[in-house]
Amino acid sequence: MNLDFQHCIRCTICLENCPVFRVNSDFPGPKQSGPDSQRFRCDGETPVDHWITLCSQCRRCEIACPYGVNPAEIILREQLDYGKKHYRPLVSRLFSRVYYLGNLISLIAPVANRLVSVKIVRRLMAFTGISDYLKLPPYRFHAMKRSWRWKGSHKSKRKVAFFYGCYLNYNRPDIGRKIRDLFASAGFRVVLPGQVCCGLPALGNGDLAAARRLAGRNVSILEEYIDRGFDILYSCTSCGLMLTQCYPGILDMEGGKKIAENTYNIHEYLLKLMDEGLLNLIFESVTEKAAYHIPCHLKALGIGYPGAMLLERIPGLEITVMDDLCCGLAGTYGLRKKNQDTSYRLGIIAARALRDTGASYIITDCATCRLQLSQLSGMPARDPAEILFESLKGSVNMKRKKKL
Amino acid sequence: MNKGTYDAVVIGGGMSGLTAAITLCDAGKTVAVISKGDPVCCLSTGCVDILNSTDEPFDGISSLPFGHPYGLVEQDLIIEACEHFMETAARGSLPYAGSIHKNRHLITPIGMKKTTCLVPKTMEHANCDENEGIHIVSFRGLKDFFPSYIMLQYSNTGCSIFDASVSSTIGIAERFEDERFRETFADWLSRQHIPEGKIAIPAVLGIRSSFSIYKELSQRTGRTFFEIPTLPPSLPGIRLFKCMKQAFLARGGHLYWGSEIASVEKLGAIIEGVTLKNPGRVGRVQGRAFILASGSFISGGLFARMDSVQETVFGLPVYYPENRSGWFKDSFFSRGHQIEKAGVEVDSSFRPLADAPFKNLFICGSIMARSEVMKYGCGHGLAIATGYAAARSCEGFVR
């Protein structure tokens with residue numbers, strides 16, 4: 001058993017940062033579900049705290065804790081143990097296989113997208129325990145995995161492999177292709193490696209074995225690219241958290257450390273190149289006001305807010321950075337009927353705060369944050385990469401200082 | 001030097017660190033703040049104690065023993081720092097009341113008096129004498145708040161309990177952010193037939209927009225309210241921290257939150273950068289100057305071993321009372337434990353003393369030697385004054 005929880009001095013800072021605790025009094029908060037209860041838990045015992053599954057794994061407690069206790073991880077381990085020893089509802093089983101589902105749905109995307117609006121299908125979905133307050137994003141047939149697998153010159157010494165993740169793959173391949181093209185036009189050789197789901201939905205739905213299976217496949221694929229001199233890039237912050245923290249951490253994957261050391265957030269990577277003087281991005285000026293919502297998992301990555309730092313360099317773009325709001329959806333968490341109320345209330349709080357900034361649209365890295373916030377605030381929500389790509393219109397503006 | 005180099009990197013995201021960071025941002029510098037977690041400020045009452053051992057805090061500062069860090073800050077600069085803080089807070093819609101020339105007294109959840117100086121406007125009317133009519137409004141199931149204790153101390157008091165259907169301070173505060181809840185609450189309040197006088201309420205009036213909620217409630221009911229700060233989780237402390245953090249972000253500052261410093265990159269007597277401990281790859285933050293505001297023991301800026309005290313980030317020389325047997329007084333609650341004097345000694349430019357190992361490092365806040373924050377009751381005040389002064393000194397250095 002990990003004894004880190006003994007560093008807890010019960011200061012309640014984690015509790016102050018827990019979004020679920022604020023709106024759902026059934027959840028006792030990270031202090032009690034994490035370090036406090038941990039003292040009473042024994043290895044091999046069947047977990048009985050059913051409220052443990054109410055944690056959305058946003059990790060805000062972990063970021064806030066000044067004493068190095070990891071309430072979120074303590075809770076996650078307990079959730080996994082709970083999932084192993086209790087009957088897992090159908091909806092958990094479905095969501096932990098969201099990658100395979102996506103594979104299927106995208107094949108019949110035009111039909112599937114229509115089917116979701118059919119009443120009986122919606123009833124069926126509600127019956128299995130899927131929440132119904134959000135309009136689910138449409139699936140695309142022309143997924144990232146069916147896009148051109150590489151771009152940029154073979155001879156280029158700068159090589160990157162883009163881990164696009166499920167959402168860009170099936171739902172927004174247009175953004176994914178923009179990111180691919182952005183790096184290609186900056187003189188990179190970009191490859192879209194064959195990949196499977198990062199495993200986060202499986203982890204979040206209490207299926208450790210499935211998460212490890214998926215992680216194993218990704219590790220073996222990505223390791224090969226790293227050996228060939230590629231840097232791995234991700235744009236989805238939750239995928240990034242899996243690759244850099246969970247693979248070497250809770251999943252304890254062989255080779256996980258290597259993946260973590262060579263994996264970068266796309267904005268972090270661009271900034272790094274700009275700082276090293278290898279890349280010079282020239283932006284067209286705009287007159288826009290936007291609110292940058294920092295997703296919980298971007299905060300948890302511990303890399304600062306690179307997307308915001310990059311967007312600050314666009315002349316005329318006024319951004320308000322908001323890092324204390326959790327959108328509440330937390331991947332598949334809010335899509336479950338039992339968490340619908342929590343998710344909705346948190347979403348409304350965040351949407352209101354973002355609207356109050358007076359911005360005309362929301363920028364955020366996380367796809368599920370965009371889904372939730374755009375629908376609840378009525379403001380458009382966009383990916384920072386989209387904004388970057390637009391203000392760089394055409395590769396004409398992109399000048400390389402040195403030969404890459 | 002590459003573009004990613006900040007003019008100043010502040011280590012520690014508490015009151016002193018954020019004050020320094022905001023001051024530097026206002027001076028047009030690029031600033032980053034690195035913090036391993038949320039600061040002790042979140043656990044505080046949100047009130048700014050300048051100096052609690054006297055009635056006139058500003059005049060009292062000059063009579064502090066020689067070597068107290070307040071002595072390093074010129075008197076004008078202390079006034080300027082406090083004005084700067086009040087302005088920053090007001091711009092973040094968390095206005096403060098009070099003057100640094102006069103202390104005031106708040107009622108605590110156990111009916112005792114707490115001396116402090118600058119208070120959030122929601123506590124402006126908390127100066128009460130024993131016979132004044134006070135009516136306490138509390139919430140069903142609220143822990144660590146004791147109206148009956150207060151009623152024992154103040155003769156002319158009454159109490160009503162509202163059922164908010166949640167019992168945590170944070171849960172109730174989140175409800176107050178909702179307009180319909182405020183309406184229900186105000187309606188209920190007007191039906192209580194509360195006698196003339198002030199209405200005291202635990203500090204749960206919202207998280208993000210406390211002052212406007214407070215104003216709205218006063219207008220709706222036509223009564224004078226004041227908040228009583230609670231035990232942690234303490235909303236006024238959280239509001240203050242969030243307000244300062246948001247002020248820093250709004251000025252274009254960059255945050256690296258949740259990361260501890262792994263190592264320091266130095267070239268001779270110059271610190272060039274620090275690396276951040278991350279589960280994956282280490283991050284790097286470079287700066288021309290560094291400000292250390294990592295706090296005292298509770299914040300982890302200082303660490304006590306059996307026979308010595310260490311500074312945890314740069315390994316700076318630390319002053320501490322030599323004999324461990326003299327570190328503590330017999331009673332935990334007695335003021336002035338000698339160990340409180342431990343800290344980093346600095347010169348008049350806020351650089352570490354003792355052969356000044358680094359030329360571009362500035363120190364502020366409770367990590368400074370002989371600050372004895374608990375003894376004198378000067379936590380936030382010292383943080384604001386030294387944070388501001390250290391930033392000014394740092395500004396001169398990076399100019």
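**Exercise 1. Place Ile79(B) in this predicted model: which helix holds Ile79(B), and is the residue buried, partly exposed or exposed?**

Step 1. Find the element. Ile79(B) sits in helix H3 of chain B, which covers residues 75-91.

Step 2. Check the accessibility. Ile79(B) has a relative accessibility of 28%. Buried is under 20% and exposed is over 50%, with partly exposed in between. So Ile79(B) goes down as partly exposed, because its value is 28%.

Step 3. Look for partners. Skip the neighbours within four places in sequence, and Ile79(B) is in contact with Phe58(B) and Ile100(B).

Step 4. Try a partner from far along the chain. Ala385(B) is 306 residues away from Ile79(B) in sequence, yet their C-alpha atoms are separated by 8.3 Å.

**Exercise 2. Do the same for Leu240(B): which helix is it in, and is it buried or exposed?**

Step 1. Leu240(B) belongs to helix H8 of chain B, residues 235-250.

Step 2. Relative accessibility comes out at 0% for Leu240(B), so this residue counts as buried.

Step 3. Now list who touches it. Setting aside the neighbours within four places in sequence, Leu240(B) is in contact with Met15(B), Cys41(B), Gly46(B), Phe85(B), Leu94(B), Tyr96(B) and His380(B).

Step 4. For another pair, take Ile134(B). It is 106 residues from Leu240(B) in sequence, and the C-alpha to C-alpha distance is 26 Å.

**Exercise 3. Work through the interface of chain A and chain B: how many residues does each chain give, and how many salt bridges are there?**

Step 1. Count the residues. Chain A puts in 41 and chain B puts in 40.

Step 2. Get the area. About 3,400 Å² is buried between the two chains, and carbon and sulfur atoms give 49% of that. On the chain A side, Glu16(A), Arg22(A) and Asp275(A) lose the most area to chain B, together 19% of what that side buries.

Step 3. Tally the polar links. There are 4 salt bridges across the interface. Want one to click on? Lys245(B) and Asp323(A) join their side chains in a salt bridge at 3.1 Å, N to O. Residue pairs in polar contact number 10, with both partners at pLDDT 80 or more.

Step 4. Sort the chain A side. Helix H1 of chain A (residues 13-17) supplies the largest share, 4 residues. By class, the side of chain A that touches chain B has 19 nonpolar, 9 polar and 13 charged residues.

**Exercise 4. Describe how domain 2 of chain A meets domain 3 of chain A: which helix gives the largest share of the domain 2 side?**

Step 1. Get the bounds. Chain A is divided into domain 1 (4-85), domain 2 (90-128), domain 3 (144-270) and domain 4 (280-391).

Step 2. Set the distance and the head count. The C-alpha centres of domains 2 and 3 of chain A lie 25 Å apart. The contact uses 11 residues from domain 2 and 13 residues from domain 3.

Step 3. Look at the area. These two domains bury about 1,000 Å² between them, 52% of it from carbon and sulfur atoms. In domain 2, Ser96(A), Tyr99(A) and Ser106(A) lose the most area to domain 3, together 52% of what that side buries.

Step 4. Check the polar links. The salt bridge count here is 0, while 5 residue pairs are in polar contact, both partners at pLDDT 80 or more.

Step 5. Name the elements. Helix H6 (90-96) and helix H7 (98-107) of chain A each give two or more residues to the domain 2 side. H7(A) takes the largest share, with 7 residues. By class, this domain 2 side has 5 nonpolar, 5 polar and 1 charged residues.

Key
Residues numbered from 1 in each chain as written. Chains lettered and ligands numbered in written order. Predicted model: local features only at pLDDT ≥ 70, side-chain atom pairs only at ≥ 80, totals over all residues. Heavy atoms only, no water. Domains from an automatic or database assignment. Contact = heavy atoms within 4.5 Å. Buried area = accessible area lost by both parts, 1.4 Å probe. Polar contact = N/O pair within 3.5 Å; in protein donor to acceptor, adjacent residues only side chain to side chain. Nonpolar A, V, L, I, M, F, W, Y, C, P; charged D, E, K, R; others polar. Buried < 20%, exposed > 50% of the residue type's maximum accessible area, 1.4 Å probe, protein only.
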